[in-house]
Amino acid sequence: MPHLILFLWLVPSLPLLAAGWGALLKRQRRRLAAGLAIGAMALSWLLSCAAFFSTLRVRILRQSCNFTWFDLAHTTVQLGWMLDPLTAIMLMMVTFLALVIFIYSLGYMARDQNFTRFFCFMSLFGAGMLGLVIANSLLLLFICWELVGLSSYLLIGFWYEKPAAAAAAKKAFITTRIGDIALLLGMLWLYSRSGTLLFYNHGQGCLEQASLDRLVAGATMGGMALSTAISLLIFAGAVGKSGQVPLHVWLPDAMEGPTPVSALIHAATMVAAGVFLVARMYPLISAGPHPAALQVVTWVGAVTAVFAAAIAMAQNDIKRIIAYSTISQLGYMMMGLGVGGVAVGMFHLITHAFFKSLLFLGAGSVIHGCHGEQDIRKMGGLKQLMPWTFATYAAGMMALCGVPLFFSGFWSKDAILGAARDWPFSSAPFYLGVAGAFLTAFYMTRQVCWVFFGKPAEAQGAQAPAHESPAVMTIPLAILAVFAVLAGFLGTPAWPWFDSYLNGANARFTFAALFARPQLLLLLLSTLVVGIAFALGWRVYSRVAWQSPREADPLEKSLPPLFWLLQNKFFIDELYAATVIRLNTAFSLCADWLDRVVWAGAVRAVSGLTRALAQINRALDESGINAGFDLGCQGLRDTGSILSWMQNGRIQRYLRVLGLAICLGLLALIWGSA
Amino acid sequence: MMNPPLSHYLLLSALLFSIGFAGAVARRGAILVLIGIELMLNAANLNFIAFWRFGANPQALTGVMFVLFSIAIAAAEVAVGLALVIAIYRQRKTTRLDAMDSLKG
Amino acid sequence: MLNEISFYLLAALTVACAVAAMALRRLVHCALCAAAAFAGLALIYLQLDAEFVGFAQLLVYVGAIAILIVFAVLLTRGEEAAPGGRQSSPSWISGVGIAVLLLAGLLLPILASPSLQHGAPPAPVPSVKRIGEELMTRYVLPLEMVGVLLTAALLGAVVIALREPSDGNLPGNSPAQQRAKTGEAMNL
């Protein structure tokens, strides 16, 4: 339907409406709050499906709808939304995952006091994320970017009575803010150089050829091309939001929030927003003959992938392992964008969204079943006690590790590695990617062994036996597991539908493409890597899983200094605390002193001066004016008393005075007329 | 019939006037002051009649009319004045004017 | 000739009675002398051919006003014991001085004016009919007003001089008691 584009604005607006209404609800209206959120998201999902199908049928690659926000004298600020394959696929993913996770939250948050507030914030997040996806203007994107960041803050700090949660929320917000400042600067620069922030506007948009040519041709002071400089600033924003090194420190702490939040926001959608931004701005980042920004993207991604995977090997909190895994996979996505283009990176984003949210929801189910326990060393034997959770979690884990052929992660990661291998600038990213894949499989095996295999936790002294989660939680897990498997088939080399969909071409199913030499070699390499990692991990950890108590990690025993470094996350947090935060504290103390002493002193001086002037005025008024007036009145009274002395009440005296006056009058008349 | 000139009448009137005035301001009793005032009024009446008689138009009777009214009013005034004197005498048992100074300032 | 002599005689009489009215010690004598002065003036009016005025003067001044004054004198005789003469008025000299000044002031223009030396025109005969006509036509308003005034004065005089029951001058009270009561009333 060509008119669908006109109604696309409803997709983020319905959840926004639900959030607004939900904000006004009382705490007891739980069903209404949940109903609003789920209903709005369901409607958005249906609209997104319609949009997706319309992009399948209509061959116009890109539709947009722009409007003027406000009119300045010589220019206007325009916003708009658009629909193209990238948008459609993201819409489908976001709305579907949000819907599934909302339903999951009905069970997970059932016993929480602030049920209503949770769904309000989740709807708000949904609105922001969907707005971000359909935005045709960098300004609108930024607005929704900030909205999403705000909802993340609100949801991480959902249990704000816990100091750890409040601190984590603050950390998340401030760290992403650093990236956002760079993004804002890039946005302003882009606006000043290209005159518009609309992406596509009939040839005048900032991502269209005319603007790109101008930006590539322009140069900054350091000799860098303008497009490169702006791209780097925008990428810095993505670094913050997607948790790349060095701004990754907030993501593990963000696990203080409820598990559905971690699943939706910190696995599938918000952190993917950075990747999405890079994908959206890809024409700008890859513009020109030597796109240096794209190389930066690749290196940052590759380093992050290995860095985070290494740290994950030494963590003991079930959610933190998955969080570091997320950071690592985001690095993969960035690397994919850098080496292979939009389709490669986005494919991994889509598959990752499904299996990572599945893993988080599964972890939530495990935590729920273990009555709040989150340390994997204290879990065990859940394979028998929580079979559904185990089955779905295993599916997700295998997708993440990239188990060949039937799991989606395999195909998407292979696409990235394949593109990295063919990268002309260096093959280091390829090797880093392979190392990362090995580490991923290793630490996931470790986690699964300790959580699901081995001795049950109650034998180790836990309070009550673990139990399977209710259906409202396990059914979403099953749904996601199905997608974790099936989504991969959209992007195999045999049928590169995803790639062709995004690029507007038609894909053809050619089974033989699987067996082309480079592809085959890569397939075998990946399989080998994963297999070795599984075997090693199983050998090391399955034995330990039966031990009790399980404090000593075999890795720690063999390489204590390395383990110590990994467990403390390379001391990045401590480094930041000693440098940046200390500097900031010093600055704020200085500002406080300035405010309290200097400015307040000035204000006090002015007020003191005013009061002194007022006192002078009052003194003048009382002694000068009042006294003068009183003196005048006194004079009148004295005159009056003198005059009244003349009245002695005797008529004869008055008569005499009259007579005298007549005489004088007569004399005056006579002499006057003489 | 020759009349004395006008000036003589006026002289007489002036004399009567000043005698009346002297009595009004020099005597102590209220009734005497009233008598003095009556004398002054009469002197003025004489003035009017004299000027009427010696004037240009005696047919108009202006002087006569004025004097008639003056007499009537003088009568009314004396009546009220003496009533006042009697009322005050009843209160204060005296008609001395220097005892009636309660309107002093 | 007769006119002049009569005038001078009458003038002298009137002046003498006026002086006596102002100077005598006893009030009744003053009142009677005043009546004589009024009579003298009435005769002067007659001499000036103003008959009606003269008779009116006799009727009103001598017949009413002088009698009224005598009555008032008689009614206020309580302090006859103290001499009411001019010796007790301390500043009578200055009063008389002012009167003299006044006289001088009046005499100066009279004596200096030449127009006052002329003789009198022929005697008019103002008939009472003429006076009546004038009263009813030209002077009807003043006439009516004088009527109202006289009514008001009559009523007012009666009201002012009315003896209140609280005055204490009822038969049966001795003069000492009356004086005491009036003394009480005087303490305002």
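This is a short chat about the chain contacts and helices of a predicted model.

Reader: Hi! Let's start with chain C. How many helices and strands are there in it?

Author: Happy to help! Chain C has seven helices and zero strands. Read from the N terminus, its elements go α-α-α-α-α-α-α.

Reader: Nice. And what percentage of chain C counts as buried?

Author: The figure is 27% of the 188 residues of chain C.

Reader: What about contacts in chain C between residues at least 6 apart in sequence: what share join residues at least 24 apart?

Author: For those contacts in chain C, the share is 49%.

Reader: Thanks! Now the neighbours. How many residues of chain B are in contact with chain C?

Author: Chain B brings 65 residues to that contact, and chain C brings 78.

Reader: Which helices of chain B each supply at least two residues there?

Author: Three helices of chain B do so on the side that touches chain C: H1 (6-26), H2 (30-54) and H3 (62-92). H3(B) gives the largest share of that side, with 23 residues.

Reader: And how do the residues on that side of chain B divide by class?

Author: On the side of chain B that touches chain C, 47 are nonpolar, 11 are polar and seven are charged.

Reader: Good to know. Staying in chain B, at what angle do H1(B) and H2(B) pack?

Author: The angle is about 165°, and the axes of H1(B) and H2(B) are 7 Å apart. Angles over 145 degrees count as roughly antiparallel, so H1(B) and H2(B) are roughly antiparallel to each other.

Reader: Is the crossing of H1(B) and H2(B) left-handed or right-handed?

Author: H1(B) passes H2(B) in a left-handed crossing. As for residue classes, the contact of H1(B) with H2(B) has 19 nonpolar and six polar residues, with no charged ones.

Reader: Great. Switching over to chains A and B: how many residues does each chain put into the contact?

Author: There, chain A contributes 11 residues and chain B contributes 10.

Reader: Which helices of chain A each supply at least two residues of its side?

Author: Those are H26 (572-646) and H27 (651-673) of chain A, on the side that touches chain B. H27(A) supplies the largest share of that side, namely five residues.

Reader: Last one! How do the residues on that side of chain A divide by class?

Author: The side of chain A that touches chain B has three nonpolar, six polar and two charged residues.

Key: Residues numbered from 1 in each chain as written. Chains lettered and ligands numbered in written order. Predicted model: local features only at pLDDT ≥ 70, side-chain atom pairs only at ≥ 80, totals over all residues. Contact = placed C-beta atoms within 7 Å. Helix = DSSP H or I, 4+ residues; strand = E, 2+ residues; numbered from the N terminus. Nonpolar A, V, L, I, M, F, W, Y, C, P; charged D, E, K, R; others polar. Buried ≥ 20, exposed ≤ 12 C-beta atoms within 10 Å, placed from the backbone. Axes fitted to C-alpha atoms, helices over the stretch in contact; angles between N-to-C directions. Parallel < 35°, antiparallel > 145°, perpendicular 65-115°, else oblique. Left-handed = near helix turned anticlockwise from the far one by under 90°.
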